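Hi everyone, thanks for coming. I'd like to walk you through a structure today, so please have a look at it while I talk.

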Amino acid sequence: MAIDRYTEPSHTLWAALAQRASENDSDIEESVRSIIEEVRRDSDEALLRFENRFDGAGFTCPSQMEVSQDEVREAEAAVPQDLKDAIVAAYSNIRRFHEAQMPQVVDVETAPGVRCIQKAVPVRRVGLYIPGGRAPLFSTVLMLAAPAKVAGCKEIVLCTPPGKDGKANPVIVYAASLCGCTSIFKVGGAQAVAAMACGTQLIGRCDKIYGPGNRFVMKAKQMVGLTQAAIDMPAGPSEVMVLADSSADPEFVASDFLSQSEHGPDSQSILVCDSQEVADAVEAAVERQTALLSRGGIVAQALSHSRIIVFKDRNDIIDFANEYAPEHLIVSLEDPWSAVDRIHAAGSVFVGNYTPESAGDYASGTNHTLPTSGWARSFSGLNLDAFMRKMTIQEISREGLEGLGGTIRTMAMAEGLDAHAAAVSLRLGTNEQ
């Protein structure tokens with residue numbers, strides 16, 4: 001299984017080499033639009049139809065789509081104790097890191113008698129989407145619900161698709177309960193996004209929607225994000241870039257290269273290294289390790305559009321990483337921090353040979369919900385700020401307005417907005433317009 005390799009590619013090729021594997025989703029637009037419209041029109045009855053059609057849940061009434069307290073207790077009993085312990089440990093680290101992000105109040109007197117304040121307030125009602133299917137992402141519950149709880153969101157709504165037995169994945173339910181989700185619904189796909197964005201009798205309207213999903217879910221998020229509810233960030237297939245030199249262990253590098261490849265056939269892994277020897281060693285390790293993986297077929301498809309790029313110059317290695325703007329960036333270079341200090345476009349960075357990408361995916365404390373497809377140039381990974389909004393407050397005394405009034409009136413009149421100027425003049429008892 002040969003991985004495409006490029007040696008000292010010229011700068012004119014960098015943009016092409018930074019391209020991701022992408023699918024044209026125009027074929028699903030009409031279908032997703034129809035689902036959203038049906039949910040908006042028919043509310044819970046539409047959800048019932050879609051769940052029975054797409055997930056085969058066999059629900060007979062809308063109330064069955066909500067996870068009951070009995071189901072929460074059943075789920076907790078079904079999860080093995082060692083997995084519970086692991087989830088609790090990961091939750092503790094994630095919560096601790098996000099608690100440290102709590103923004104401070106800004107309170108400044110910008111001029112005598114003019115007080116300006118900025119404070120963060122939580123998003124009131126958040127909707128979290130957690131995929132089920134072949135790899136139920138209970139870890140994503142921790143990454144979304146833990147910071148929502150820390151931020152102080154009043155209501156935390158979670159939607160996840162049911163299995164054929166009409167039940168939600170027990171580990172997802174356990175993690176949601178641990179994190180303090182206020183309600184859990186057995187609803188998946190575009191219909192779940194539509195319900196959280198538009199609101200139904202069962203699932204009230206949410207102010208912002210978070211979480212990953214398949215093409216239908218992501219298209220639904222894009223559509224509702226235009227008119228119905230805010231969304232966390234644009235997202236696409238998973239990706240990782242590894243920067244490596246002779247100081248890196250090829251087996252470690254290969255394991256990180258493959259950890260993203262197993263997410264799905266459209267995932268992408270990129271190795272940028274400084275010699276053919278490193279490239280050869282990593283490629284051989286990738287082949288050995290792939291043969292041992294349970295998702296080897298998916299990995300092989302992902303590797304078909306993955307790449308190895310060789311630059312002799314360390315500066316080119318770092319510059320290409322910024323050009324690509326990876327979701328996950330592993331820095332396995334000698335003196336790694338000198339390289340990290342020059343990185344300005346990455347979702348999350350993993351430094352040194354003993355910092356696997358999977359640590360961030362699960363338990364180190366950082367958030368694994370990250371921008372993909374080059375969006376790391378302009379978007380942050382999910383953090384506490386995503387569950388809060390900044391609100392400004394101001395208070396001006398009469399003396400303050402006397403000092404500032406002339407400035408306000410002059411600017412307002414220059415813009416032809418005399419009512420703005422009058423709002424000052426009336427307060428100060430002047431006739432100036």
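**A cavity, a pocket and a small sheet**

Let me begin inside: the largest cavity holds about 30 Å³ of space. Keep in mind that what you see is a predicted model. In this structure, one cavity reaches 30 Å³ or more.

Which residues line the largest cavity? They are M218, K221, Q222, I231, M233, P234 and A235. Sorted by class, that lining has five nonpolar residues, one polar and one charged. Helix α9, covering residues 215–227, gives the most to the lining, with three residues.

Now to a pocket. The second largest pocket has about 190 Å³ of space. It is lined by 15 residues, and the closest to its centre are G347, S348, L370, G381 and L382. How does the lining of this pocket divide by class, and what is its count of charged residues? There are six nonpolar and nine polar residues, and no charged ones.

Let's step back to the whole chain for a moment. You can find 17 helices and 14 strands in it. Along the principal axes, the C-alpha atoms fill a box of roughly 85 × 60 × 45 Å. Of the 433 residues in the chain, 49% are buried. If we take the contacts with a separation of 6 or more, 74% of them are between residues 24 or more positions apart.

Next, please find a sheet for me. Three strands make up an open sheet, in the order β2-β3-β14, and their pairing is antiparallel. Why do β2 and β14 each have one side without a neighbour in the sheet? Strands β2 (106–111) and β14 (388–396) are at the edges and each has a single partner strand, so one side of each is left free of a neighbour there. From one strand to the next, the twist averages 20°.

Looking closer at one pair, strand β3, residues 114–122, and β14 are joined in the antiparallel sense over nine bridges. If you want a spot to zoom in on, try Q118, whose bridge partner in β14 is T392. Then look for helix α16, residues 398–414, which lies across β3 and β14. Its direction is at about 95° to β14.

I also picked out a few loop residues. Q19 sits in the loop between α1 (11–17) and α2 (26–42). Is Q19 buried or exposed? Its relative accessible area is 48%, so Q19 counts as partly exposed. Leaving out residues up to four places away in sequence, Q19 touches Q268 and R307. Another residue to show alongside Q19 is H305: the two are 286 residues apart in sequence, yet their C-alpha atoms are 9.9 Å apart in space.

Finally, a word on backbone angles. Most residues other than glycine have a negative phi. With that in mind, have a look at E8, which is not a glycine but has a positive phi of about 45°. E8 lies in the loop between β1 (4–7) and α1, and with 35% relative accessibility it is partly exposed. D335 is not a glycine either, and its phi is positive, at about 50°. You will find D335 in the loop between β12 (328–332) and α14 (336–340).

That's my tour, and I'm happy to go back to any part of it. Thanks for listening!

Terms used
Residues are numbered from 1 along each chain as its sequence is written. This is a predicted model: local features need pLDDT of at least 70, side-chain atom pairs count only at pLDDT 80 or more; totals for chains, interfaces and linings use all residues. Side-chain values use heavy atoms; hydrogens and water are left out. Two strands pair if DSSP finds at least two bridges between them. Helices (H or I, at least four residues) and strands (E, at least two) are DSSP runs, numbered from the N terminus. Axes are lines fitted to C-alpha atoms, for helices over the stretch in contact, and angles run from 0 to 180 degrees between N-to-C directions. Contact means heavy atoms within 4.5 Å. On a 1 Å grid over the protein atoms alone, a cavity is a set of points where a 1.4 Å probe fits but cannot get out, and a pocket is an open set with protein on both sides within 12 Å along at least five of seven lines; lining residues have an atom within 4 Å of a point. Grid points are joined across faces, edges and corners, and a volume is the space filled by probe spheres set on the points. Ala, Val, Leu, Ile, Met, Phe, Trp, Tyr, Cys and Pro count as nonpolar, Asp, Glu, Lys and Arg as charged, and the others, Gly among them, as polar. Buried means under 20% relative accessible area, exposed over 50%, partly exposed in between (1.4 Å probe, protein chains only).
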